[in-house]
Structure formats: C-alpha cells, structure tokens
Amino acid sequence: MTLRSGGRLIRSGARRVQVGPERAVRAAPLPIVTTMTWLVTGGAGYIGAHVVAAMTAGGEQVVALDDLSTGDPARVAGTPLVVASVADDLAVREAIATHGVTGVVHLAGKKSVAESMGEPLRYYQENVEGLRALLAAATGSGVRHFVFSSSAAVYGSPDVDLVTEATPCRPVNPYGESKLVGEWLLADVGRATGLAHVSLRYFNVAGAARPELADTTVANLVTQVFARLDAGLAPLVFGGDHPTPDGTCIRDFVHAADIADAHVAAARALSAGRISSGQLNIGRGVGVSVQDMCRLILDVVSADLGDVPQPEVVAARAGDPARVVSSAARAQELLGWRATRDVAEMVRSAWAGWRHQAAARQLLPG
Ligand SMILES: NC(=O)c1ccc[n+]([C@@H]2O[C@H](COP(=O)([O-])OP(=O)(O)OC[C@H]3O[C@@H](n4cnc5c(N)ncnc54)[C@H](O)[C@@H]3O)[C@@H](O)[C@H]2O)c1
C-alpha cells in the first residue's frame with residue numbers, strides 16, 4: 001500500500017482474494033485507484049461517527065449520510081453530512097455524484113434484537129430494503145467498493161468455543177436474519193456487478209473514543225447497566241445457570257474505536273484490491289462474563305455515584321446463547337487489524353460518554 005503526501009490512497013496491482021467462506025474467487029485485472037471518497041451511511045450514529053473520525057484521521061475523504069432517526073449531527077461536526085434516508089434513491093445518487101463517491105461504508109440500520117422480535121417488518125424494511133435501495137443507487141452510480149456493518153447475530157447460538165467465519169450462520173431473531181440476508185444480497189450484487197465488498201461481523205461493541213461519540217441507546221449490556229444505575233435500580237443479569245464458569249453469559253466485547261480502525265483497514269484492503277468479497281469477524285477473541293463486566297461497570301460507576309445497587313439475576317432470555325466469542329484471526333491475517341483496547345477502557349470511556357450526554361441533555365431547553 002502506498003500513501004502519497006496528501007494522505008490519498010494510490011494502489012493497484014495486488015490480486016484480489018476471497019475473505020469469507022464464499023468460494024467464487026474473482027481475479028480480474030485491476031484498475032488503478034487514484035482517489036477514494038467514502039460515503040458513510042449512518043455516519044451520525046454511535047459506530048458510524050467513530051468510523052467517520054477514524055477514516056478522516058487516516059487521510060480518507062469522507063461524506064456522511066444519515067436520516068438522523070437515532071443519529072446526532074454534532075457527532076460529525078466538520079464532516080459533510082447529507083441528511084437523507086439510504087432508501088432515498090435520488091438523494092443517494094446526488095450525494096455520490098456531488099462528492100465523487102467511489103466507496104460506501106454502510107452502517108445505517110436498526111440494531112435492537114428485542115425490537116426486531118416485535119417489529120420484524122420494520123427490520124426487514126430498514127435493514128434489507130434499505131440495503132437493496134442503497135446498492136441499486138451505488139452500483140448505478142459507479143461505486144466500486146462496499147463495506148457492510150453485519151453482526152455476530154448472524155451466528156445465532158453457535159455451539160463452539162471460538163466462532164470463525166466458517167461457523168454455520170443460524171440467526172435466532174429477525175435482527176440477525178436481516179443482517180444475514182443483507183450479506184447474501186451484497187454477495188449476489190458483488191457477483192453480478194463486480195462490486196468489491198466485505199461484511200464486517202461486529203461482536204459486542206462498547207466504549208467511546210471521545211465522550212461526544214458515546215452510545216446513547218440502551219441496546220447493549222454496558223448502557224443498559226448505566227441506565228438502571230442512573231435510575232437507582234439494580235442492573236439485571238439474564239440467567240445465572242448457563243453452562244459457564246460463573247453461570248452468566250460470556251461475550252466478546254470490542255471497543256468502538258477498534259471497530260472503526262477495522263473499517264479503515266477494510267476500506268484500504270478493498271481499494272488496494274487485497275480483498276474482493278466475503279465476511280470477517282470483528283472482535284477481540286476474548287470472552288468476558290456478564291458478571292465480570294457488571295463488576296467492572298459497578299466499580300467505575302460507584303466511584304462517581306457512591307453506593308449503587310448490586311446486580312440482580314433474573315430468568316435467562318429465550319435464545320440467549322451461553323457463549324459467543326470470536327476468532328479474530330482472519331481479520332488479522334487479511335486486514336492486519338486487531339483490537340488493542342481492553343474492557344476496562346471500554347467501560348471507563350463509555351461511562352465518561354454517558355455522563356457527558358446526560359449533562360448535555362440537561363442543558364437543552366424544555
Ligand atoms: N452497536 C452494536 O453493538 C452493533 C453490533 C453489531 C452490528 N451493529 C450494526 O452497526 C450499525 C451501526 O450501529 P450503531 O450502534 O452505531 O447504531 P446507531 O443507531 O447509533 O446508528 C445508526 C445510524 O443510522 C442512521 N439511520 C438509521 N436508518 C437510516 C436510514 N434508513 N437512512 C439513513 N440513516 C439511517 C441513524 O440515524 C443512526 O445515526 C448498525 O447497522 C448495527 O446493526 C451494531
């Protein structure tokens with residue numbers, strides 16, 4: 001890979017390789033890539049804003065597109081932001097043409113497992129139809145590279161110690177299904193049009209690179225515990241008799257800033273022609289139990305709030321797998337990426353962000 005002085009990527013010649021369990025390898029002659037501008041959909045969201053920050057810091061040209069349904073434009077101050085839905089064909093085509101976009105990083109979507117159980121149509125509409133519409137606009141406008149936010153939810157309840165990309169995908173809820181269908185759709189479009197693509201299957205994302213970028217939703221363990229403690233309630237631990245050493249679920253937590261770095265690496269690998277299709281796990285490869293994570297969170301929060309209620313173990317949730325931990329070997333091999341931030345940093349930075357957002361809300365009128 002070569003970077004010229006302005007930080008723009010110039011690269012050609014490397015053979016494209018397959019990165020996932022898919023088998024149809026293309027080895028077409030590669031065009032010379034001189035400049036890249038990336039459209040980051042969902043760029044005003046929690047992870048999207050980390051991706052925008054990391055890509056910009058890495059010298060990539062970035063434009064964000066977001067409908068602001070859960071996003072906050074303040075997260076991407078200083079970056080061009082198109083306020084539109086990915087399903088808005090005209091707006092997407094115009095954004096691509098206006099900014100000379102040649103690659104898309106697609107994070108826009110819905111992400112709550114619980115919500116998806118009650119509103120499957122909405123999840124298919126947003127996550128599958130949204131992707132279909134975006135792909136139509138992107139491929140019709142000459143976009144050649146595509147990075148897709150997938151999820152460990154595609155694996156469902158894998159009965160393995162470490163989940164590799166070859167572990168069978170058996171999602172157990174509409175959210176995971178919508179991500180898996182999205183991967184298939186992307187792979188089909190890649191085969192049909194030559195769009196180079198990679199699906200990044202994030203594991204459990206937590207932490208914030210800066211307080212302003214923090215997660216404000218309560219779709220994951222860390223922010224759910226913060227919300228309970230803030231309300232003076234005991235955090236809930238779902239299930240204490242799973243077949244794990246302490247009886248609570250084991251998950252692979254990964255810092256949002258590490259996730260963002262993985263996108264930079266994936267975008268560069270695609271534009272350099274080092275990868276052309278497939279899926280990659282984006283995790284640390286380290287299992288942490290919910291009980292240990294709660295202990296860590298309570299230590300950090302009680303340093304600010306004083307005594308806080310202890311976690312309460314309640315009935316396990318249906319379909320909650322006992323252990324989901326990634327093998328991150330493939331991403332390291334193909335992207336040269338590995339996570340570097342630990343769970344203590346995730347919890348500390350997430351709490352700083354939670355407090356920052358709460359303070360900002362109090363300053364708002366009304
Ligand atoms: N947070 C996690 O733990 C996690 C784990 C695995 C995968 N993911 C995936 O990562 C992506 C980003 O998640 P996040 O945690 O940043 O969520 P988020 O809700 O903070 O961000 C999603 C962003 O997309 C925007 N958006 C939603 N629908 C849109 C549409 N139709 N058009 C344009 N913009 C739209 C929202 O306004 C928001 O800014 C999602 O696709 C999610 O499924 C997240």
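Where in the chain does glycine 336 lie? Glycine 336 sits in the loop between α9 (329-335) and α10 (343-363), and we'll come back to that spot in the last view. A quick word before the close-ups: this is a predicted model.

**View 1. The whole chain, for getting your bearings.** There are ten helices and 18 strands to find your way around. The chain has 366 residues, and 49% of them count as buried. If you look at contacts between residues at least 6 apart in sequence, 78% of them join residues at least 24 apart.

**View 2. A sheet of seven strands.** This sheet is open, and its strands pair in parallel. Reading across, the order goes β6-β5-β4-β7-β8-β9-β15. The edges are β6 and β15 (279-282), each of which pairs on one side only. On average, neighbouring strands here are turned by 20 degrees against each other, direction ignored.

**View 3. Zooming in on β8 and β9.** Here we follow one pair of neighbours from the sheet. Strand β8 covers residues 145-151 and strand β9 covers residues 196-202. Seven bridges link the two, and the pairing is parallel. For a landmark, pick out valine 147: standing opposite is valine 198 in β9.

**View 4. Two helices against the strands.** Helix α4, made of residues 120-140, lies across β4 (37-41), β7 (103-106) and β8. Its run is at about 170 degrees to β7. Helix α7 (residues 256-271) also packs on the sheet, and the strands it touches are β4, β7, β8, β9 and β15. Compared with the direction of β9, that of α7 makes an angle of about 160 degrees.

**View 5. Leucine 68 and its positive phi.** Look for leucine 68 in the loop between β5 (61-66) and β6 (81-83). Most residues other than glycine have a negative phi. Leucine 68 has a positive one, near 60 degrees. Is this leucine 68 buried, exposed or partly exposed? It counts as partly exposed, because leucine 68 has 13 C-beta neighbours inside 10 Å.

**View 6. Back to glycine 336.** Now we return to the loop between α9 and α10. Glycine 336 counts as exposed, because it has 12 C-beta neighbours inside 10 Å, and the cut-off for exposed is 12 or fewer. How many residues apart in sequence are glycine 336 and alanine 265? They are 71 residues apart along the chain, while in space their C-alpha atoms are 7.4 Å apart.

Technical notes. Residues numbered from 1 in each chain as written. Predicted model: local features only at pLDDT ≥ 70, side-chain atom pairs only at ≥ 80, totals over all residues. Helix = DSSP H or I, 4+ residues; strand = E, 2+ residues; numbered from the N terminus. Buried ≥ 20, exposed ≤ 12 C-beta atoms within 10 Å, placed from the backbone. Contact = placed C-beta atoms within 7 Å. Pairing = 2+ DSSP bridges. Axes fitted to C-alpha atoms, helices over the stretch in contact; angles between N-to-C directions.
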